[in-house]
Amino acid sequence: MSFAQQHCNLTKVFSKCINQFSPFFKSKNTVIFNENCFEVLSYIPENSIDMVYADPPYMLSNDGISCQNGKRVNVNKGKWDKSNGFEQDTIFHDEWISACHRILKPEGTIWISGTYHSIYQCGYILQKNNFHILNDITWFKPNASPNLSCRFFTASHETIIWAKKDKKAKHTFNYENMKNGLFPEDKLKKENTQMRSVWSITAPKTGEKTHGKHPTQKPLELLKRIVLASTNENDIILDPFCGSGTTGVACKYYTDRSFIGIEIDKSYCGLAKNRLL
């Protein structure tokens, strides 16, 4: 697709949403909506998005405790992260994944981050909605917090599932960039060798939290790699749970892609806006 065609497609996608919802933030090739993702997704044209990155709620706000910076902290993050029980949580994931299937182009792909609390539900539902799973990535966190209970192994990774909409369509994978690119932050990536499915990337750096903090903020290096691996310049990327806007920052400042973000919490929309200004 030419740049002119892609720009026309972007305008079409943006316009349909903007006519229905007032953007919280809008700049060239970037828009954020402070809305429920189901509402906005229903107005995005079918087969119009190149890639979706989603970091859905892990449903972990259950009054438990964890360790952060050497201190005991409450795990509660907000109402948006509370479980409604296995059946309702499954329905929630099924609804947003189904909505993303509709808006993705046939060759489009989706990435979903999660821990064991949610990722297996999402993997099952991806296949239920006829996605074809390409990889499950292990994001190893070398600076993970210790386990306070000392009753089981210390959690030091998250899983990221990469899947495509149509098994027969040719998806984008920038193999040479992943093989020969420079990834100094990843101690597991050997120079000029194939990128493997275990990535060693630290939690967000201090500079990434200058404008504020999000409890499940992902590191910029992680999103840059995902975007560069599976999209091309001027592609349209959507994040239905965009939080602090890391996906948008990766698109706007590091990879020259267009971005649509949806976030239900107004304060996090403000955080994302400040990072994108």
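**Aromatic close-ups in a predicted model**

**View 1. A charge meets a ring at tryptophan 199.** Arginine 225 lies over the face of tryptophan 199, at 4.8 Å from the ring centre. This is a predicted model, so keep that in mind for every view here. Tryptophan 199 has aromatic company too: together with Trp111, Trp162, Phe173 and Tyr175, Trp199 forms one aromatic cluster.

**View 2. Lysine 141 over tryptophan 139.** Here's another charge sitting over a ring, this time with lysine 141 as the partner of tryptophan 139. The charged end of lysine 141 is 4.8 Å from the centre of that ring.

**View 3. Phenylalanine 21 and tyrosine 43, edge to face.** The count of aromatic pairs comes to nine. In the pair shown here, the ring centres of phenylalanine 21 and tyrosine 43 are 5.5 Å apart and the planes meet at 85 degrees, so this one is edge-to-face. Both partners come from loops: phenylalanine 21 from the one between helix H1 (3-18) and strand E1 (25-27), and tyrosine 43 from the one between helix H2 (37-41) and strand E3 (49-54). The pair therefore ties together parts that are 22 residues apart in sequence. Phenylalanine 21 has 9% relative accessibility, so it counts as buried. Tyrosine 43 has 29%, so it counts as partly exposed.

**View 4. Tryptophan 96 and phenylalanine 241, a link between distant parts of the chain.** These two rings make an edge-to-face pair, with 5.3 Å from centre to centre and 85 degrees between the planes. Tryptophan 96 belongs to helix H3 (residues 86-103), while phenylalanine 241 sits in the loop between strand E10 (236-239) and helix H7 (246-255). That puts the partners 145 residues apart. Tryptophan 96 counts as buried, because its relative accessibility is 0%. Phenylalanine 241 counts as buried as well, at 16% relative accessibility.

**View 5. Stepping back to the whole protein.** Zoom out and you get eight helices and eleven strands. The C-alpha atoms fill a box of roughly 55 × 45 × 40 Å along the principal axes. A compact globule of 277 residues would have a radius of gyration near 19 Å, and the 18 Å of this protein agrees with that. Buried residues make up 50% of the 277 residues. Among contacts with a separation of 6 or more, 69% come from residues 24 or more positions apart. As for the outside, the accessible surface comes to about 14100 Å², and carbon and sulfur atoms account for 50% of that.

Note on methods: Residues are numbered from 1 along each chain as its sequence is written. This is a predicted model: local features need pLDDT of at least 70, side-chain atom pairs count only at pLDDT 80 or more; totals for chains, interfaces and linings use all residues. Side-chain values use heavy atoms; hydrogens and water are left out. Rings of Phe, Tyr and Trp (its six-membered ring) pair if their centres lie within 6.5 Å; planes under 30 degrees apart count as stacked, over 60 as edge-to-face and the rest as tilted. Helices (H or I, at least four residues) and strands (E, at least two) are DSSP runs, numbered from the N terminus. Buried means under 20% relative accessible area, exposed over 50%, partly exposed in between (1.4 Å probe, protein chains only). A charge sits over a ring if NZ of Lys or CZ of Arg is within 6 Å of the ring centre and within 35 degrees of the ring normal. The radius of gyration is taken over C-alpha atoms; the globule rule is 2.2 Å times the number of residues to the power 0.38. Contact means heavy atoms within 4.5 Å. Accessible areas come from the Shrake-Rupley method with a 1.4 Å probe; for residues, only the protein chains shown count as cover.
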